[in-house]
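Colleague: I am new to reading structures, and I would like to learn how one goes from a picture to careful statements about helices, loops and a ligand. Could we go through an example together?

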Amino acid sequence: MESSSNGAADTVRRALATEAVHAGREGLTAQGLHTPPIDLSTTYPSHDSRDEAARIDAFAAEGILPEGPPVYARLGNPTVARFETGLARLEGTESAVAFASGMAALSAVLLARSAAGLRHVVAVRPLYGCSDHLLTAGLLGTEVTWTDPAGITDALRPDTGLVLVESPANPTLAEVDIRAVAHSCGTVPLLVDNTFATPVLQRPAEHGARLVLHSATKYLGGHGDVMAGVVACDEEFAGQLRLIRFATGGVLHPLAGYLLLRGLATLPVRVRAASATAGELARRLAGDARVARVHYPKLGGAMVAFEVHGDPHEVISRVRLITPAVSLGSVDTLIQHPASISHRIVDTADRHDAGVGDRLLRLSVGLEDSEDLWADLSGALGERARVPVPLHEAVN
Ligand code: MET
């Protein structure tokens with residue numbers, strides 16, 4: 001293995017905060033560099049076509065990247081590979097494969113399983129709304145059985161290729177016991193969407209998940225300026241994902257790879273700071289008569305969900321410091337109404353069954369001062385509505 005950027009041996013197991021800064025920066029010092037280079041090449045020159053053919057054959061066999069330049073950018077990219085290395089180290093997996101978005105990453109996993117003749121998926125609600133929709137609509141030819149964690153074993157079939165859970169879940173922050181769920185899956189791969197927790201709070205692979213999914217757009221990037229997805233997994237599955245990525249083209253741009261690697265360096269600091277503020281806001285919301293219910297994970301984290309007695313649209317319209325926008329994981333605090341945005345695409349009855357009520361608001365806590373955030377949130381909650389008021393407009 002190459003030496004790290006500061007020359008320390010990689011054989012020593014290092015703490016997460018150290019890995020966050022150094023993993024993926026291997027070999028820079030030897031190149032005389034401090035920051036990772038951004039390789040924008042779409043193709044790579046070679047006068048040896050026989051060697052190129054052999055390298056393509058080697059990649060096509062198992063999705064293993066050949067030594068040296070990647071031939072063509074759809075096979076791989078050195079800047080993106082640094083991010084993949086960094087994320088794999090943080091999640092404690094052999095490999096990671098990055099995509100253009102979280103949905104592209106999930107799609108690649110589903111296609112990999114379908115290609116193996118295993119098109120049945122078992123999934124637990126709630127999931128992020130578009131993940132739910134992708135499965136429910138069967139857009140990729142998969143068939144889904146929705147169940148709760150206790151029903152997973154009974155839901156498995158000979159053609160089940162994947163079990164899918166998200167914990168803490170978007171948007172209710174419901175948690176599952178990942179180790180117990182992994183046990184219920186038997187030999188079927190378990191995919192855990194770890195977007196909300198991040199490897200700072202939870203490393204699903206340590207509890208038996210074979211695949212760990214992230215919308216890297218969120219905490220991994222951390223600044224609301226890069227869209228990406230990534231799957232952390234063993235090298236065998238990673239090879240399949242690279243082949244799917246090559247065939248379907250959902251590659252990550254190298255600049256995004258650079259921004260994500262930079263984001264990983266501050267991930268532990270950002271997540272811990274935002275989580276402390278989120279915990280405090282959750283505590284204040286729980287003690288506020290204008291709030292009917294607060295959802296905050298046992299695991300902690302920077303996401304808070306809460307149900308208001310009043311009209312949730314009014315709260316959204318009144319925030320001034322907090323950004324009224326979907327998405328999460330940025331340095332600034334965001335608030336959105338899942339029934340209107342992130343989970344709009346989920347059938348109303350299914351959404352309600354999953355615990356995503358019409359009065360639920362989802363807060364992604366950023367790095368601002370907690371008193372400033374509380375002042376804004378408290379102002380937005382308004383003076384009245386300490387008891388439920390009817391929702392008049394077209395809220396399903
Ligand atoms: C297009 S809606 C959702 C974006 C993001 N996945 C979220 O949950 O906020």
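Modeller: What follows is a walk through one helix, some loop residues and the surroundings of the ligand, in a model that is predicted.

Colleague: Let us begin with the helix α4, then: how many residues does α4 have, and what distance does it reach from its first C-alpha to its last?

Modeller: Helix α4 covers residues 102–115, which makes 14 residues, and its span of 20 Å is close to the 20 Å expected at 1.5 Å a residue. Just after α4 comes G117, whose phi is positive at about 85°.

Colleague: Is α4 largely enclosed or exposed?

Modeller: One counts the C-beta atoms around each residue, and 20 or more others within 10 Å make it buried. Eleven of the 14 residues of α4 are buried, so the helix is largely enclosed by the rest of the structure; among them are L106, V109, L110 and also R113.

Colleague: How does α4 pack with helix α9, and which residues meet there?

Modeller: For two helices one looks at the angle between their axes, where 65 to 115 degrees counts as roughly perpendicular. The axes of α4 and α9 (residues 235–248) are 9 Å apart and make an angle of about 105°, which means that α4 is roughly perpendicular to α9. From α4, the residues A108, L111 and A112 meet Q240, L241, I244, R245 and T248 of α9, and this contact is made up of five nonpolar residues, two polar and one charged.

Colleague: Which peptide bonds before a proline are cis here?

Modeller: To recognise such a bond, look at omega: the bond from R125 to P126 is cis with omega near -5°, and the bond from S167 to P168 is cis with omega near -10°. P126 lies in the loop between β2 and α5, whereas P168 lies in the loop between β4 and α7. P168 counts as buried because it has 26 C-beta neighbours inside 10 Å, and its contacts beyond four places in sequence include F196, P297 and M303.

Colleague: What surrounds the ligand?

Modeller: Around the ligand are Y128, N170, S215, V326, S327, L328, I341 and S342, a shell with four nonpolar residues, four polar and no charged. S327 in this shell has a positive phi of about 85° although it is not a glycine, and S327 is partly exposed, with 16 other C-beta atoms within 10 Å.

Notes:
Residues are numbered from 1 along each chain as its sequence is written. This is a predicted model: local features need pLDDT of at least 70, side-chain atom pairs count only at pLDDT 80 or more; totals for chains, interfaces and linings use all residues. Helices (H or I, at least four residues) and strands (E, at least two) are DSSP runs, numbered from the N terminus. The expected span of a helix is 1.5 Å times one less than its number of residues. A residue is buried if 20 or more other C-beta atoms lie within 10 Å of its own, exposed if 12 or fewer, and partly exposed in between; C-beta atoms are placed from the backbone. A residue is near a molecule or strand if its C-beta atom, placed from the backbone, lies within 6 Å of it. Ala, Val, Leu, Ile, Met, Phe, Trp, Tyr, Cys and Pro count as nonpolar, Asp, Glu, Lys and Arg as charged, and the others, Gly among them, as polar. Axes are lines fitted to C-alpha atoms, for helices over the stretch in contact, and angles run from 0 to 180 degrees between N-to-C directions. Angles under 35 degrees count as roughly parallel, over 145 as roughly antiparallel, 65 to 115 as roughly perpendicular and the rest as oblique. Two residues are in contact if their C-beta atoms, placed from the backbone, lie within 7 Å.
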